[in-house]
Amino acid sequence: MSRMNDVGGMQGFGPIQLEPDGPPFHADWEAHVYALNRALIRRGVYNLDEFRDAIERMAPAEYLAASYYQRWLTAITTLLEEKHVISPMEVADVRALPHR
């Protein structure tokens, strides 16, 4: 059974919008999420497979409504909560920030 993120071959999603000369990040918070993920993986808090799985476990409606780095942030907070690094209240605080 495929998950929502497995959209290869599905119709109706439109063309991918490429930005060959665009910036690597469209907002500072995206760069921070990228750096945080790299640091947590490097420190062994979780691994890349766990990170990918956390993205793939997002609810379909949440996955489709989220931007690329919002998905990353959701995965990071999910894993940190599951590993008891941060509390559910702290997760709620992060997810309530303006980048959402």
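**Figure 1. Surroundings of the buried residues of helix α2 in the predicted model.** The elements covering the buried residues of α2 include α1 (28–42), α3 (60–65) and α4. The buried residues themselves are Phe-51, Ala-54 and Ile-55. Seen down the axis of α2, these residues fall within an arc of 100°, so they line one face of the helix. In an α-helix there are 3.6 residues a turn, so residues three or four places apart point the same way. Helix α2 spans residues 48–56 and has the highest mean pLDDT among the elements of the chain, at 98.

**Figure 2. Packing of helix α4 against helix α5.** The view shows α4 (residues 68–82) and α5 (residues 88–95), whose axes come within 9 Å and cross at roughly 170°. An angle over 145 degrees counts as roughly antiparallel, and α4 and α5 are therefore roughly antiparallel to each other. On the α4 side, the contact is made by Leu-73, Thr-74, Thr-77, Thr-78 and Glu-81; Pro-88, Val-91, Val-94 and Arg-95 contribute from α5. By character, the residues of this contact divide into four nonpolar, three polar and two charged. The confidence of the prediction should be kept in view here: α5 has the lowest mean pLDDT among the elements of the chain, at 86. For the chain, the mean pLDDT is 87, and 86% of its residues reach 70 or more.

**Figure 3. Thr-78 and its contacts.** Thr-78 lies in helix α4 and is one of the residues through which α4 meets α5. With a relative accessible area of 18%, Thr-78 is buried, because the cut-off for burial is under 20%. Leaving aside residues up to four places away in sequence, Thr-78 touches Arg-57 and Arg-95. Of these partners, Arg-95 belongs to the α5 side of the contact between α4 and α5.

**Figure 4. Glu-90 in helix α5 and its separation from Thr-77.** Glu-90 lies in helix α5 and is partly exposed, with a relative accessible area of 40%. The C-alpha atoms of Glu-90 and Thr-77 are separated by 8.8 Å, while the two residues are 13 residues apart along the chain. Thr-77 takes part in the contact of α4 with α5.

**Figure 5. Backbone at His-84 in the loop between α4 and α5.** His-84 has a positive phi of about 60° although it is not a glycine. Most residues other than glycine have a negative phi. His-84 is exposed, with a relative accessible area of 72%.

Technical notes. Residues are numbered from 1 along each chain as its sequence is written. This is a predicted model: local features need pLDDT of at least 70, side-chain atom pairs count only at pLDDT 80 or more; totals for chains, interfaces and linings use all residues. Side-chain values use heavy atoms; hydrogens and water are left out. Axes are lines fitted to C-alpha atoms, for helices over the stretch in contact, and angles run from 0 to 180 degrees between N-to-C directions. Helices (H or I, at least four residues) and strands (E, at least two) are DSSP runs, numbered from the N terminus. Angles under 35 degrees count as roughly parallel, over 145 as roughly antiparallel, 65 to 115 as roughly perpendicular and the rest as oblique. Contact means heavy atoms within 4.5 Å. Ala, Val, Leu, Ile, Met, Phe, Trp, Tyr, Cys and Pro count as nonpolar, Asp, Glu, Lys and Arg as charged, and the others, Gly among them, as polar. pLDDT is the predictor's confidence in each residue, from 0 to 100. Buried means under 20% relative accessible area, exposed over 50%, partly exposed in between (1.4 Å probe, protein chains only). The arc is that of the directions from the helix axis to the C-beta atoms.
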